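Hi,

Here is the structure I promised to pass on. Have a look at it first, and then read on for what turned up.

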Amino acid sequence: MKYLIEFTNNGALAISIIACFLAQLIKVFTGKEKRFDIKRITTSGGMPSSHTSFVTSLATVVGIVDGFNSTNFAIAVVFALIVMYDAAGVRRAVGKQATILNQMLEDLQHGKLIQNEKLKELIGHTPFEVLGGAILGIVVALILM
């Protein structure tokens, strides 16, 4: 029970979760179609990057609490940079592959050879989306600390 209480009283975790949730909420209004879409609250990809908001808010809180010259801050920043690289690099490449596969599927369907469900294309982030998530995460941490 003690661990559950400690877990629920963890301010750094709470702030990070709030930053992540706010990023997902903003996505409802920032899709490609420029219209309100509640389904986007649970999707990956899009502006801003919730993964980036999550980790940059954590790194910011760790820096404020433990000091920006602490080992804990260095660990949090390295972790954040890896997540951000993955969001903008690897996951973006997977999204481009999905686009190509979907185009191939569409081409095949015109010949009535196969019918299949399209792959999800919004997996990764553009560098701009990652930057937006980073700014949001830092701002949320600074406001809530």
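A quick definition before we start: a residue counts as buried when its relative accessible area is under 20%, and as exposed when that value is over 50%. Please also keep in mind that this is a predicted model.

First, the overall picture. The protein has 6 helices and 0 strands, so to speak an α-α-α-α-α-α pattern when you read along the sequence. Of its 145 residues, 35% count as buried. If you take the contacts with a separation of 6 or more, 66% of them are between residues 24 or more positions apart. About 9200 Å² of the protein is exposed, and carbon and sulfur atoms supply 69% of that.

Now to helix H2, which covers residues 11-27. From first C-alpha to last, its 17 residues reach 25 Å, close to the 24 Å expected. At the N-terminal end of H2 you'll find Asn 10 acting as a cap, with a side-chain oxygen 3.1 Å from the backbone nitrogen of Ala 12. Ala 12 is itself one of the buried residues of H2, and the others are Ile 15, Ser 16, Ala 19, Ala 23, Gln 24 and Lys 27. When you look at that spacing, it helps to remember that an α-helix has 3.6 residues a turn, so residues three or four places apart point the same way. What do the buried residues of H2 pack against? They pack against helix H3 (50-66) and helix H6 (127-144).

H3 also has 17 residues, and it reaches 24 Å from its first C-alpha to its last, close to the 24 Å expected. Its buried residues include Ser 50, Val 55, Ala 59, Val 62 and Gly 63. The buried residues of H3 pack against H2, helix H4 (71-88) and H6. Just after H3 comes Gly 67, which takes a positive phi of about 100°.

One last thing to look at is the aromatic side chains. A search of the whole structure finds 1 aromatic pair. The partners are Phe 68 and Phe 73: their ring centres are 5.0 Å apart and their planes are at 80°, so the pair is edge-to-face. Are the two rings' residues buried or exposed? Phe 68 is exposed, because its relative accessible area is 51%, whereas Phe 73 is buried, because its value is 18%.

Happy browsing!

Note on methods: Residues are numbered from 1 along each chain as its sequence is written. This is a predicted model: local features need pLDDT of at least 70, side-chain atom pairs count only at pLDDT 80 or more; totals for chains, interfaces and linings use all residues. Side-chain values use heavy atoms; hydrogens and water are left out. Helices (H or I, at least four residues) and strands (E, at least two) are DSSP runs, numbered from the N terminus. The expected span of a helix is 1.5 Å times one less than its number of residues. Buried means under 20% relative accessible area, exposed over 50%, partly exposed in between (1.4 Å probe, protein chains only). Contact means heavy atoms within 4.5 Å. A polar contact is a pair of N or O atoms within 3.5 Å; within protein, one must be able to donate a hydrogen and the other to accept it, and residues adjacent in sequence count only if both atoms are side-chain atoms. Rings of Phe, Tyr and Trp (its six-membered ring) pair if their centres lie within 6.5 Å; planes under 30 degrees apart count as stacked, over 60 as edge-to-face and the rest as tilted. Accessible areas come from the Shrake-Rupley method with a 1.4 Å probe; for residues, only the protein chains shown count as cover.
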